[in-house]
Amino acid sequence: CMDTNGLHAVKNAIVCLVLLPRFLMAAVMFWLLDFLCIRKRVFFRMEQEGDAIDPPLCISDSNRLFSVESLKAVWHGHKLDFLKAAHLGHGAPNTEVVQLGDQRRSRILDYAKEKRPLILNFGSFVQQNADIADSIVVYIEEAHPSDGWMSTDAPYQIPKHQCLEDRLNAAQLMHLEVPGCQVVVDSMENSSSAAYGAFFDRLYILQEGRIVYQGDRGPEGYRISELRDWLSHYRQRMEKPSDLVIHV
């Protein structure tokens, strides 16, 4: 038991040392962005450089970025990203999720069909590509709960989930925003969020049980344009005529 506790403490110390510079940089950036003149200049430039298809970073003037709650959320996101089990080119973690309708428990790879790509969307923006790929939206813990790092821009004010019923009820609101797309809910152990480093949001494409596309951690790394480009290249490969010549 002492050895296990010691190894756990060493692991946590290593994680802290690795993440500390990145976390401090984010903290300084948040402090600077609480000056409206800097915030408006930075986000105006990001809007100019971004792709029109990508969701904008919606941060109102009334939202404080540098706070105890925001720093807790940023640390949590960095830690999940660092410890995630999902990596490009490797097997996809087959974590448990809960279906909205009948609350039946299933697993991520249950939604994959033969060799078709499966878009795994830890977010709310969906691009329909039903001709070549399937997709599911996985609703995870709230990034901006009303009793935590609250965002006044959010269309709904949702408190932290205390039980699975809370998470299912909140996911029903997301389901209204993505009609026609399968929405499932992460377990209360946050197994999918942890395995895929999905906090705040993230995009993946799985195929034949492996990760073939891994987007960066959101919100700034949540790029629908990258997903679109991957699917476009995949479509071209599928439509390319075979070079095989059969002699008779």
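Which residue forms a salt bridge with Glu-96? Select Glu-96 and then Arg-105: the two form a salt bridge, with the closest N and O atoms 2.8 Å apart. Keep in mind as you click around that this is a predicted model.

While you're there, switch on a surface. Glu-96 is partly exposed, with a relative accessible area of 26%. Its partner Arg-105 also counts as partly exposed, at 45% relative accessibility.

Next stop: Asp-81. Show its side chain together with that of Lys-84, and you'll find a salt bridge between the two, 3.1 Å from N to O. Is Asp-81 buried or exposed? Asp-81 has 14% relative accessibility, so it counts as buried, the cut-off being under 20%. Lys-84 comes in at 13% and counts as buried too.

Stay on Asp-81 and add Arg-202 to the selection. These two form another salt bridge, and here the closest N and O atoms are 2.8 Å apart. Now colour by secondary structure: this pair links distant parts of the chain, with Arg-202 in strand β6 (residues 202–207) and Asp-81 in helix α3 (residues 68–83), 121 residues apart. Both ends of this bridge, Arg-202 and Asp-81, are buried.

One more residue to add: Arg-22. With Arg-22, Asp-81, Lys-84 and Arg-202 all selected, you're looking at a network linked by salt bridges.

To finish, zoom out. How many salt bridges does a search of the whole structure find? The count is 10, and among them are the Glu-96 to Arg-105 pair you started with and the Arg-202 to Asp-81 pair.

Technical notes:
Residues are numbered from 1 along each chain as its sequence is written. This is a predicted model: local features need pLDDT of at least 70, side-chain atom pairs count only at pLDDT 80 or more; totals for chains, interfaces and linings use all residues. Side-chain values use heavy atoms; hydrogens and water are left out. A salt bridge is a side-chain nitrogen of Lys or Arg within 4 Å of a carboxyl oxygen of Asp or Glu. Buried means under 20% relative accessible area, exposed over 50%, partly exposed in between (1.4 Å probe, protein chains only). Helices (H or I, at least four residues) and strands (E, at least two) are DSSP runs, numbered from the N terminus.
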